[in-house]
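Q: Hey, can you walk me through this structure? I'm new to this, so plain words please.

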Amino acid sequence: MEKFEKITGVAAPLPLINVDTDMIIPKQFLKTIKRSGLGVNLFDEMRYDGEGREIPDFVLNQPAYRKAEILVAGENFGCGSSREHAPWAIKDFGIKAVIAPSFADIFFNNCFKNGILPIVLPQDQVDRLMDDARKGENARITVDLEHQTVSGSDGTEFRFEVDPHQKHCLMEGLDDIGQTLQKAAAIDSFEQGYAARMPWV
Amino acid sequence: MSPKTLYDKIWDAHVVHEAEDGTCLLYIDRHLVHEVTSPQAFEGLRMAGRTVRAPEKTIAVPDHNVPTTLDRTSGIKNEESRIQVEALDKNAQDFGINYYPVSDVRQGIVHIVGPEQGWTLPGMTVVCGDSHTATHGAFGALAHGIGTSEVEHVLATQTLIQKKSKNMKVEITGKLRPGVTAKDITLSVIGATGTAGGTGHVIEYCGEAIRDLSIEGRMTVCNMAIEGGARAGLIAPDEKTFDYVMGRPHAPKGAQWEAALAYWKTLFTDEGAHFDKVITLKGEDIAPVVTWGTSPEDVLPITAAVPAPEDFKGGKVDAARRALEYMGLTAGTPLSEIEIDTVFIGSCTNGRIEDLRAAADVLKGKKIKEGLRAMVVPGSGLVRAQAEEEGLADIFKEAGFEWRLAGCSMCLAMNPDQLEPGERCAATSNRNFEGRQGRGGRTHLMSPAMAAAAAVTGRLTDVREMM
């Protein structure tokens, strides 16, 4: 996984609550056996009409947001299914950070596994960043993971919390499996004790 | 020792390693796998030259993509779906994991097959690349959905990197009224807490109304824990659980059964254990409910009317406006006047034998409304066989329902079972999101008995009027 670098870029406003994984990537695109190429179908049913033509009003179809690197959204973003196709599609589109008042659990975790930073901020701060996002190219937002800050166009900094382990993995681009396999001896020894205690498992 | 919740006990029994910041490596007892969220994980293993650490604890079954029509034995026509199912066939064989292919009578929805075959046992950790893994919590197992990267992690290491969630108690006191089912409980809880009410928590459901439920009903309740935002839902095992598990193909036998039983009987929340959040509903207050919008929290008793956006606050005002527009509904319309086009009975929420019995009970001797499209999709081949043996299949067919083969089907419409734009469906599944059952499709969630009642009248209907 590539390392997460500081971003300064255009943020796309998506002022909806409960944006679910079916909205992010509808099921017809889950039939792929690859991880790549899903960006073109991100928010497919909001982005294209029944004939596959772009719906001009949708934020990611507007010229200012076609290269957005940040998404600002309402509470409970990513609710619904566990499909990792949702963060794959977001990443493939080019979005590297999502800012919202809250996220659904599984989606939140899936983001970190794919080099995306989900940022939780209080509603009033998200509202201010949403206003910035509405200005498109005229109001770039900066996300600094190292210092755990988001800065709006007027330079106001908002600090966010992030799990230290997840921050470390994101900043270093670390692969979870490789790290866990370093603890193989601990897994072996757990399994032996466990098999003695609970032989029916 | 300080008192522990059921979640605390299961968690503690599975910690392989704990880092200073509380990040744990948790041992996984059962890993369920289906065709949609696994191909990239197996591919990742191959690329890194890794193997499946515990193939004997890994169970795979295709369910999301499989057609449910009788002609599926001749192959899957949709090429992408076929490739995905074939990839699972190959991965199961290459890595030597337990497998129930499409042709096997035991094939079905992964969350129905697991318990049915005795893979799911009390006190276990169970994961699957599927959010409805919460279903298995009905056995007092810690069960939750994971993403594909985590599927790969579990395949390679039989562990998951986790931080412990908070404890939440949802108590349903007293008795349910006639016509009220497990589905009405679980939807009513989400209505009360919202779809983010459980975020960051593991819910333990308890109380008399939960104890009174069958294991099938408990699975329905836990299944939708995720729709309330919770990581998992749990119900402490009891005699009903042990009776359900005993004798299943992969349940322990003989002396191992006795040892397991002794352990399972310790799986309850200790007196005085701490919960971070508590919700209590009275069983008597729960009515048969339906959803009116595009989030499972948009739930109301069938006797209510479609709400207005102004009835809500904050971001929900716009969300409700958008939902009403999508659903083609006008505020103030009585819910029981909403006409439907389609009825879908099935899914991991309500595709078990008890669900089919409840629906058949309403349909016996009746016909579905003319022009309606109605289908029953049993949750597994074995549920289907049992329903045929009990005469339920005949009741459905005589009423005018299509009697399908097992799979996820129209719950998420990855197979050919889909809604057309604007088509309105009474569904026993778990999500009413925009486009969930097909682009432009309109979903109303409800219990199997309520769906059967709607099939008869052609509109959302209070099943109590037909009892």
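**A buried aspartate**

A: Sure. This is a predicted model, and we can begin with Asp163(A), which counts as buried because its relative accessibility is 17%, under the 20% cut-off.

Q: OK, and where does Asp163(A) sit in chain A?

A: Asp163(A) is in the loop between strand 8 (157-159) and helix 6 of chain A.

Q: Which residues does it touch, leaving out those up to four places away in sequence?

A: Asp163(A) touches Asp21(B), Thr23(B) and Lys163(B). With Lys163(B) there's a polar contact of 2.3 Å between the side chains. Back in chain A, a polar atom of the Asp163(A) side chain lies 3.0 Å from the backbone nitrogen of Gln166(A).

Q: Let's talk about the two chains, then. How many residues are in contact?

A: On chain B it's 72 residues, and they are in contact with 56 residues of chain A.

Q: And what area do they bury?

A: Chain B and chain A bury about 5,300 Å² between them, and 57% of that is on carbon and sulfur atoms. Looking at what chain B buries against chain A, Gln40(B), Arg53(B) and Arg439(B) supply 13% of the area, more than any other three residues.

Q: How many salt bridges and polar contacts cross over?

A: The rule finds 7 salt bridges across the interface. One of them links Asp22(A) to Arg436(B), with the closest N and O atoms 3.2 Å apart. As for polar contacts, 30 residue pairs are found across the interface, with both residues at pLDDT 80 or more.

Q: Which element of chain B gives the most to that side?

A: That's helix 5 of chain B, with 7 residues. By class, the side of chain B that touches chain A has 27 nonpolar, 26 polar and 19 charged residues.

Q: What about helix 2 of chain B, which residues are buried there?

A: Pro39(B), Gln40(B), Ala41(B), Phe42(B), Gly44(B) and Leu45(B) are buried. What covers them includes helix 3 (85-93) of chain A, along with strand 3 (30-33), helix 3 and helix 5 of chain B. Just after helix 2, Gly49(B) takes a positive phi of about 65°.

Q: New topic: aromatic rings. How many pairs are there over all chains?

A: The count comes to 18 aromatic pairs over all chains. Take Phe108(A) and Phe112(A): their ring centres are 5.4 Å apart and the planes are at 70°, so this pair is edge-to-face.

Q: How far apart are Phe108(A) and Phe112(A) along helix 4 of chain A?

A: They're 4 residues apart in helix 4 (residues 105-112) of chain A, which is about one helical turn. Phe108(A) is partly exposed at 22% relative accessibility, while Phe112(A) is buried at 7%.

Q: Which pair joins the two chains?

A: Phe190(A) and Tyr27(B) do: Phe190(A) lies in helix 8 (residues 184-197) of chain A and Tyr27(B) in strand 2 of chain B. Their ring centres are 5.2 Å apart with the planes at 35°, so the pair is tilted. Both residues are buried.

Q: Back to Phe108(A) and Phe112(A). Which aromatic cluster are they in?

A: One formed by Phe77(A), Phe103(A), Phe107(A), Phe108(A) and Phe112(A).

Q: And how many residues of helix 4 of chain A are buried?

A: 7 of its 8 residues are, so helix 4 of chain A is largely enclosed by the rest of the structure. The cover for its buried residues includes helix 1 (21-24), helix 3, strand 5 (117-120) and helix 6 (164-172) of chain A, plus strand 7 (142-145) and helix 5 of chain B.

Q: Last thing: how many salt bridges are there over all chains?

A: The count is 42 over all chains. For example, Lys90(B) and Asp94(B) meet in a salt bridge, 2.7 Å from N to O. The two are 4 residues apart in helix 3 of chain B, about one helical turn.

Q: Is Lys77(B) exposed or buried?

A: Lys77(B) is exposed, with a relative accessible area of 66%. Lys77(B) forms a salt bridge with Asp71(B), where the closest N and O atoms are 3.5 Å apart. Asp71(B) is partly exposed, at 39%.

How values were computed:
Residues are numbered from 1 along each chain as its sequence is written. Chains are lettered from A and ligands numbered from 1 in the order in which they are written. Side-chain values use heavy atoms; hydrogens and water are left out. Contact means heavy atoms within 4.5 Å. Buried area is the accessible area (1.4 Å probe) that two parts lose on being put together, summed over both. A salt bridge is a side-chain nitrogen of Lys or Arg within 4 Å of a carboxyl oxygen of Asp or Glu. A polar contact is a pair of N or O atoms within 3.5 Å; within protein, one must be able to donate a hydrogen and the other to accept it, and residues adjacent in sequence count only if both atoms are side-chain atoms. Ala, Val, Leu, Ile, Met, Phe, Trp, Tyr, Cys and Pro count as nonpolar, Asp, Glu, Lys and Arg as charged, and the others, Gly among them, as polar. Buried means under 20% relative accessible area, exposed over 50%, partly exposed in between (1.4 Å probe, protein chains only). Rings of Phe, Tyr and Trp (its six-membered ring) pair if their centres lie within 6.5 Å; planes under 30 degrees apart count as stacked, over 60 as edge-to-face and the rest as tilted.
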